[in-house]
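This report describes a structure for a reader who has not met it before. It takes up the packing of nonpolar side chains and then the pairing of charged ones.

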Amino acid sequence: MGSRKRIVPAAHRSVCAGSRAAGSVGLGPERELTTARIRSERQAEVKAEPGAASHTVPLSAECSRASGSTAMEPLSFQEYICSLDTATLPRILRICSGVYFQGSVYEISGNECCLSTGDLLKVMAVALQKVICEDTETGQTMELPPTFKGLFQPAPAPGPYPTLQGLFLKGTGQQGLTLHQVLGRWDRQPQPLLCPAIGPRALLLHPVYEVHATMHLRRDTVKIPSTLEVDVEDVTEAAQHIHFARPLLLSEVLGMEAALPAQAEILEGPSGPAVFESAWVPRLRRGQRLQLHGHSHAWRVLASAPSSGRHFLLSSTYQGRFRQRPRQFKGVQELVAGLRPGRPLRVVVTQDCEGQGEDVPPLCMGDRLEARGLQGNGPGTRLLCHRHGGEEEEGEGEELLLPLGLGGGFVEEACDSKKYGLAELLEQQPLPCEVRVVAPDPGLERDALGALPALRLEARLDQPFLVGSFCEEPEEGFEIPPRWLDLSLQLSEGPVHPPAPCTRRSRVEELTEAFYYRLLAQLPGSPAPPPPRPPKPAQAGTGPGGRHPSAHRPPVPGPLPMSACPAPPLLPLPALPQPSTPSQYGRRRPPRDAGIDSNSTEHDYETVDDNVQKTIRKMQAIFPF
């Protein structure tokens with residue numbers, strides 16, 4: 001801790017509130033007692049010096065002239081609080097002088113507090129924290145809790161201490177006074193007492209209080225220890241007209257619609273990680289003046305660009321046009337989730353899938369299926385599909401009943417070339433879905449969405465926003481989400497220029513990556529559960545019927561109701577597989593070494609030949625997205 005200096009009262013001299021010198025931040029009772037003694041000795045020296053009046057009287061007179069009435073003589077904060085009658089609270093105090101600890105920054109019970117000469121405190125409550133008990137003969141100290149049950153009696157004062165006033169115990173029937181009764185008879189200076197529960201020697205009590213006060217433009221209640229080395233004077237009677245302004249949070253302004261529009265000044269900018277990548281966000285700093293116009297009635301859509309990893313928040317006022325991209329599905333269960341009432345779902349198989357006996361034939365890459373609906377109930381539920389014949393085959397294809405646990409890969413045959421607005425698109429397409437911006441917003445100088453090959457719309461958000469603008473640019477507005485981007489401000493009475501500003505630059509807001517994932521984790525609902533893994537083909541020696549005696553197939557879950565089926569996640573098109581050997585399609589790898597115990601969850605894999613590569617290229621030509 002740096003050296004301590006006596007503050008000469010001046011108009012702009014700051015007094016750091018060093019609460020580490022107070023008991024609330026962990027210093028021992030010896031240090032607190034030393035601080036209190038030094039404070040008493042300094043006051044006695046100042047009063048005894050011939051020139052002391054030249055330092056104290058002008059300050060008292062200056063405070064009196066400022067308040068317009070005669071004020072009390074400045075006291076140390078400890079003396080004032082110890083002699084304060086809590087029944088008269090709240091009281092307004094003015095800071096007169098104090099001690100500055102060089103090179104140190106202190107906090108008061110976790111709240112940073114800098115008390116300057118002339119600052120006002122409104123004392124709201126006083127709570128006893130502890131009492132430091134000093135042995136008058138040995139100087140040893142100990143701490144007494146506020147719940148101490150011992151009784152105290154007056155003791156003769158061998159030194160310069162006066163006798164305890166107000167104790168005449170004879171005839172009262174009491175053997176002593178409780179700790180709180182003694183402190184209630186406090187007369188500025190500690191009095192010698194005896195306490196048989198502690199020892200036979202005389203004691204001095206030094207209480208330490210925690211003072212709860214409010215200050216101008218301080219949002220939270222300030223907690224100050226009574227041992228803080230500052231001088232104060234009571235100006236309650238002269239300061240009744242003073243209003244202690246409390247800062248507001250922008251999130252609180254959401255519920256003050258009657259107070260808007262209004263001007264405001266930022267007292268403290270947003271804290272925490274960044275939310276938007278916009279250029280107007282860094283301007284939300286201390287001292288910036290704003291115009292708050294009211295609530296925004298637009299809703300938002302969370303979106304991401306899979307190709308670039310960028311994330312956006314789209315306003316419902318966005319004027320760009322979209323075109324749907326084909327959906328992709330992993331397994332039959334996702335196909336079921338993608339069905340819509342009264343609308344068949346046409347897909348193309350993108351991954352070969354083995355059949356299951358005679359009832360379920362294999363699916364080959366390039367097969368065109370039309371999912372029509374569910375048949376059956378319970379574990380026997382199947383998806384009715386129609387497989388179209390190839391170009392070289394005659395006939396209209398065949399009907400298939402696919403079990404819900406069947407895997408594979410499918411991509412939707414998208415034939416819709418219509419351009420949609422954002423609201424119209426959400427009416428036609430459940431989220432999440434993949435789209436492409438085919439016509440950028442004409443109201444934006446540069447629409448970042450127009451250059452993206454694909455955009456994934458993930459969820460609709462109804463987060464409240466406020467329309468604001470900077471006072472120096474009243475015609476250019478922005479929309480700010482107070483619950484995500486909160487800040488402290490003070491409303492003022494300045495005029496707000498009508499009409500409400502244009503907020504076109506808030507139609508598309510790019511999100512930081514950290515906030516995007518935090519927001520994604522807070523969205524209600526959860527994606528569709530992944531389909532169960534297909535059963536492993538039967539192996540020899542596993543028991544009757546080709547199964548292990550202890551193995552049993554888990555029941556296939558029933559289909560989700562259509563109203564509760566969320567849209568499946570959309571994945572990028574599969575990459576071209578690289579053949580490892582020129583083997584024919586459908587041949588299996590050589591069996592593993594019999595001495596190696598294979599995992600029951602592993603499957604055998606197949607390689608592909610050049611014909612399959614050609615089929616993949618043909619499919620990519622069909623689906624240019």
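## Contacts of Phe77

Leaving aside neighbours within four places in sequence, which residues is Phe77 in contact with? In this predicted model, the partners of Phe77 are Leu93, Val211, Ile224, Pro225, Ser226, Leu228, Val230 and Val232.

## Nonpolar cores

Phe77 belongs to the largest nonpolar core, which has 36 residues. Together with Leu121, Phe152 and Leu205, Phe77 touches the most other members of that core.

Several elements supply at least two residues each to this core. The helices among them are helix 3 (77–82) and helix 4 (179–184). The strands are strand 4 (91–101), strand 8 (120–135), strand 11 (193–195), strand 12 (199–214), strand 13 (222–225) and strand 14 (230–234). A second core, separate from this one, has 33 residues, including Val253, Ile266, Val281 and Tyr516.

## Salt bridges between distant parts of the chain

Side chains of opposite charge can pair when their charged atoms come close. Across the whole structure, a search finds 24 salt bridges.

One of them joins the side chains of Glu370 and Arg346, with an N to O distance of 3.4 Å. Glu370 belongs to strand 23 (residues 368–375) and Arg346 to strand 22 (residues 345–351), so the bridge links distant parts of the chain, 24 residues apart. Glu370 counts as buried because its relative accessible area, 10%, is under 20%. Arg346, in contrast, is partly exposed at 40% relative accessibility.

Another salt bridge pairs Glu413 with Arg368, where the closest N and O atoms are 3.4 Å apart. Because Glu413 sits in the loop between strand 26 (409–412) and helix 7 (422–428) while Arg368 sits in strand 23, this pair ties together parts that are 45 residues apart in sequence. Arg368 has a relative accessible area of 35% and is partly exposed.

## A further pair and a network

Asp462 and Arg460 also form a salt bridge, their closest N and O atoms lying 3.4 Å apart. Is Asp462 buried or exposed? Asp462 counts as exposed, at 60% relative accessibility. Its partner Arg460 is partly exposed, with a relative accessible area of 44%.

Salt bridges can also share partners, and in this way Arg346, Glu370, Arg372 and Glu399 are joined into one network. The bridge between Glu370 and Arg346 was described above.

How values were computed: Residues are numbered from 1 along each chain as its sequence is written. This is a predicted model: local features need pLDDT of at least 70, side-chain atom pairs count only at pLDDT 80 or more; totals for chains, interfaces and linings use all residues. Side-chain values use heavy atoms; hydrogens and water are left out. A salt bridge is a side-chain nitrogen of Lys or Arg within 4 Å of a carboxyl oxygen of Asp or Glu. Helices (H or I, at least four residues) and strands (E, at least two) are DSSP runs, numbered from the N terminus. Buried means under 20% relative accessible area, exposed over 50%, partly exposed in between (1.4 Å probe, protein chains only). A nonpolar core is a set of buried Ala, Val, Leu, Ile, Met, Phe, Trp, Tyr and Cys residues joined through side-chain atoms within 4.5 Å. Contact means heavy atoms within 4.5 Å.
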